[in-house]
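Good morning, everyone, and thank you for coming. I would like to walk you slowly through one structure today, so please keep it open in front of you while I talk.

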There are 2 protein chains.
Amino acid sequence: MAKVDLKMMAAQLGFSVSTISKALRDSHEIGEKTKQIILDKARELGYRPNPYASYMRHQKSKTIALILPEMNNSFFLQVINGAESIAREKDYHLLIYITHEDAEQEKNMIEHLQNGRVDGIIMAITLNTKSYDHLERCIDNEVPIVFFDRVCHEIETVKIVTDDFASAFTATEHLIQNGCKSIGYLSVSDNLSIATKRMSGYLEALHKYDIPLDESKIIHCVSDQNENYQMLKDLLIKNPDIDGIFGSVERFALLAYDVCKELKKRIPEDVKVLCYSNLPAADFLSPKLTTIHQPASEMGAMAAATLFKHLDKKRSTITNENIVIKSTLMIRESSTVRKEI
Amino acid sequence: MAKVDLKMMAAQLGFSVSTISKALRDSHEIGEKTKQIILDKARELGYRPNPYASYMRHQKSKTIALILPEMNNSFFLQVINGAESIAREKDYHLLIYITHEDAEQEKNMIEHLQNGRVDGIIMAITLNTKSYDHLERCIDNEVPIVFFDRVCHEIETVKIVTDDFASAFTATEHLIQNGCKSIGYLSVSDNLSIATKRMSGYLEALHKYDIPLDESKIIHCVSDQNENYQMLKDLLIKNPDIDGIFGSVERFALLAYDVCKELKKRIPEDVKVLCYSNLPAADFLSPKLTTIHQPASEMGAMAAATLFKHLDKKRSTITNENIVIKSTLMIRESSTVRKEI
């Protein structure tokens with residue numbers, strides 16, 4: 001079947017391509033009767049306006065990009081779900097890119113996306129993003145960026161975050177109230193604001209309960225999980241007094257379970273464990289994992305909705321704003337004193 | 001900052017827009033010296049060719065769509081990962097659409113994507129897709145579709161599947177060899193070929209071991225998990241002899257655990273459970289879940305690679321082919337006789 005285009009309609013109806021085009025755009029230059037004939041023909045032939053031709057007229061791609069740092073993660077899965085639903089509602093298309101924590105890759109993607117392919121970007125930066133020029137330049141080039149979760153506070157735009165400080169404080173306090181006196185902390189890259197905020201929440205709770213800070217109990221994890229495994233194992237061997245583990249991102253959850261298993265440390269009897277995580281299986285782990293659950297789908301939806309709100313307003317600068325959505329501490333077996341049966 | 005376009009370069013260099021355009025396309029009509037001046041200027045100004053303008057010249061969007069039926073699923077997460085990596089390698093862009101098991105939604109998306117927005121589609125159909133006209137029409141309109149996992153055998157194209165019959169047979173045999181005499185089967189929509197093939201594998205294994213088929217022990221699950229919960233609960237109450245549960249897709253795994261918990265049936269002592277699943281947490285569930293693990297990332301990568309292979313060949317018809325990738329039975333605690341310690 002040949003593709004139905006303006007030329008084919010022009011040939012069949014005996015109008016010029018320009019008349020057909022104007023009629024389909026509802027131009028005032030074309031009479032109502034002619035318009036109706038053309039619209040009827042378009043329907044009959046199943047004409048679908050080409051998005052690229054439409055872009056050339058309106059300079060709108062009706063497409064946004066979602067740039068994710070990794071994909072082995074329930075959190076980002078739920079973010080896609082939220083963003084996709086809002087994009088569809090707004091009749092927009094959603095491109096997905098995964099940086100795999102590669103800052104150079106992120107830079108290339110951002111550079112490339114300024115060529116008109118997308119009207120805006122939703123993203124969480126990589127663990128290794130250290131300079132922000134490429135992001136700044138992208139916004140200057142009128143391709144707005146909305147950050148979520150892993151945000152750049154240095155850049156003036158909308159950032160969708162959870163209450164990282166407060167939730168980490170509450171979780172650490174929960175461990176202390178359940179008897180932990182020596183809590184190992186698994187951090188991610190210091191470049192990330194979520195990392196510094198979550199760690200501040202942890203430190204503040206230690207301070208409140210007069211637990212001296214021991215920096216050797218903080219591990220700075222890397223992208224390579226095998227390396228993280230070794231670091232956590234070393235930590236627990238060198239510090240046999242550690243009775244609590246706080247994982248600051250989801251991929252440390254099963255890692256902590258794994259290492260404790262190898263070292264024959266019982267959870268929660270010997271070591272209590274909790275983690276930022278959206279794992280649907282948390283309730284079925286052995287023991288059930290205490291999690292700080294982030295409203296991931298809502299964050300994705302909110303990021304998309306905020307971007308669209310800005311795109312709807314022509315030629316305005318995107319507002320500099322922090323939108324904070326609350327996380328929930330889901331207390332389960334891994335962090336509480338086990339009841340004897 | 002103003003966008004760098006052909007017009008701006010023409011003004012700065014004193015060439016016509018047409019000369020600039022031809023030079024950037026490496027046309028033989030333009031002399032080497034002029035070409036070099038123009039390419040140098042393009043680099044200096046940071047000119048990025050507009051993908052929409054490029055489409056208008058070459059009729060290629062350099063974009064493919066991935067249509068997924070649901071997102072609460074590790075399998076589809078890993079498929080995205082595989083497809084995205086191949087798309088990036090080929091310098092293509094990946095659009096994501098989620099049908100949420102809505103056949104009408106699927107039809108609309110497919111209709112819409114024939115307008116030139118994408119060069120091809122990778123997809124798994126919904127549970128409720130009963131007619132295939134929209135898919136047939138899409139391929140006729142020269143937008144090729146590659147199916148994965150949930151495929152349409154009625155349509156002539158490439159289908160990437162796992163060995164559904166063989167893996168279901170092996171898994172059922174494993175349950176029988178571990179003492180199960182009455183195995184409940186949780187099926188999905190009969191419209192799906194994976195559903196019929198997996199069920200045939202189950203039936204064949206029953207037959208081999210002379211276990212009579214009892215159709216009342218097969219549940220046909222729906223999209224609504226609460227309804228599925230009730231159906232499985234009713235099944236186990238009405239058939240107290242059931243000593244095995246076979247979940248034919250991932251979302252039945254935690255469901256089976258949940259229902260057994262409510263009915264105080266111990267896994268694996270009272271009921272053995274296994275499930276098609278790519279849950280990374282399977283090894284940490286209580287008890288550890290026996291899974292049939294599908295090579296999801298490979299399937300996504302293979303689907304993308306096959307689509308690109310076809311797109312590279314101009315004007316040929318896509319081959320009608322089944323590509324089968326093997327699944328692995330990962331035997332864990334939930335399906336085996338518990339050893340006394």
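Let me begin with a word that I shall use often: a residue is called buried if 20 or more other C-beta atoms lie within 10 Å of its own. Please also keep in mind throughout that what you are looking at is a predicted model.

With that word in hand, turn to helix α6 of chain A, residues 103-112, whose buried residues are Glu106(A), Met109(A) and Ile110(A). These residues cover an arc of only 95° around the axis, and therefore they sit on the same side of α6(A). What lies over them? The cover of the buried residues of α6(A) includes β1 (63-68), β2 and α7 (133-140) of chain A.

One of those covering elements, strand β2(A), deserves a closer look, since six of its six residues are buried. In a regular strand the side chains alternate between the two faces of the sheet. In β2(A), accordingly, His93(A), Leu95(A) and Tyr97(A) point one way, while Leu94(A), Ile96(A) and Ile98(A) point the other way, and all of them are buried. The strand β2(A) is joined to β1(A) by six bridges, and the two run parallel; if you want a place to start looking, Thr63(A) stands opposite His93(A).

Let us step back to the domains. The assignment for chain A gives domain 1 (6-49), domain 2 (63-162 + 296-326) and domain 3 (164-294 + 329-335). Between domain 2 and domain 3 of chain A, the C-alpha centres lie 28 Å apart, and the contact takes 18 residues from domain 2 and 15 residues from domain 3. On the side of domain 2 of chain A that touches domain 3, α5, β5 (158-162) and α12 (296-312) each supply at least two residues, and α5(A) gives the most, with three residues. Sorted by class, that side of domain 2 has six nonpolar, eight polar and four charged residues.

Now to the pair of chains. How many residues does each chain bring to the contact? Chain A brings 35 residues and chain B brings 35 residues. On the side of chain A that touches chain B, α4 (51-58), α5 (74-89), β2 (93-98) and α11 (252-262) each supply at least two residues, and by class this side has 21 nonpolar, nine polar and five charged residues. A rotation of 180°, with 0.1 Å of shift along its axis, superposes chain A on chain B with an RMSD of 0.2 Å, so the two copies are related as by a two-fold rotation axis. Moreover, 100% of the interface residues of chain A are also interface residues in chain B, which means that the copies meet through the same surface.

I will finish with some backbone details. In chain B, the peptide bond from Ile267(B) to Pro268(B) is cis, with omega near 5°, and Pro268(B) lies in the loop between α11 and β9 (272-276) of that chain. Asp149(A), although not a glycine, has a positive phi of about 60°, and this residue is found in the loop between β4 (145-148) and β5 of chain A. Is Asp149(A) buried or exposed? There are 26 other C-beta atoms within 10 Å, so Asp149(A) is buried.

Conventions. Residues are numbered from 1 along each chain as its sequence is written. Chains are lettered from A and ligands numbered from 1 in the order in which they are written. This is a predicted model: local features need pLDDT of at least 70, side-chain atom pairs count only at pLDDT 80 or more; totals for chains, interfaces and linings use all residues. Two residues are in contact if their C-beta atoms, placed from the backbone, lie within 7 Å. Helices (H or I, at least four residues) and strands (E, at least two) are DSSP runs, numbered from the N terminus. Ala, Val, Leu, Ile, Met, Phe, Trp, Tyr, Cys and Pro count as nonpolar, Asp, Glu, Lys and Arg as charged, and the others, Gly among them, as polar. A residue is buried if 20 or more other C-beta atoms lie within 10 Å of its own, exposed if 12 or fewer, and partly exposed in between; C-beta atoms are placed from the backbone. The arc is that of the directions from the helix axis to the C-beta atoms. Copies are superposed by least squares on the C-alpha atoms of residues with pLDDT of at least 70 in both. Domain bounds come from an automatic or database domain assignment. Two strands pair if DSSP finds at least two bridges between them.
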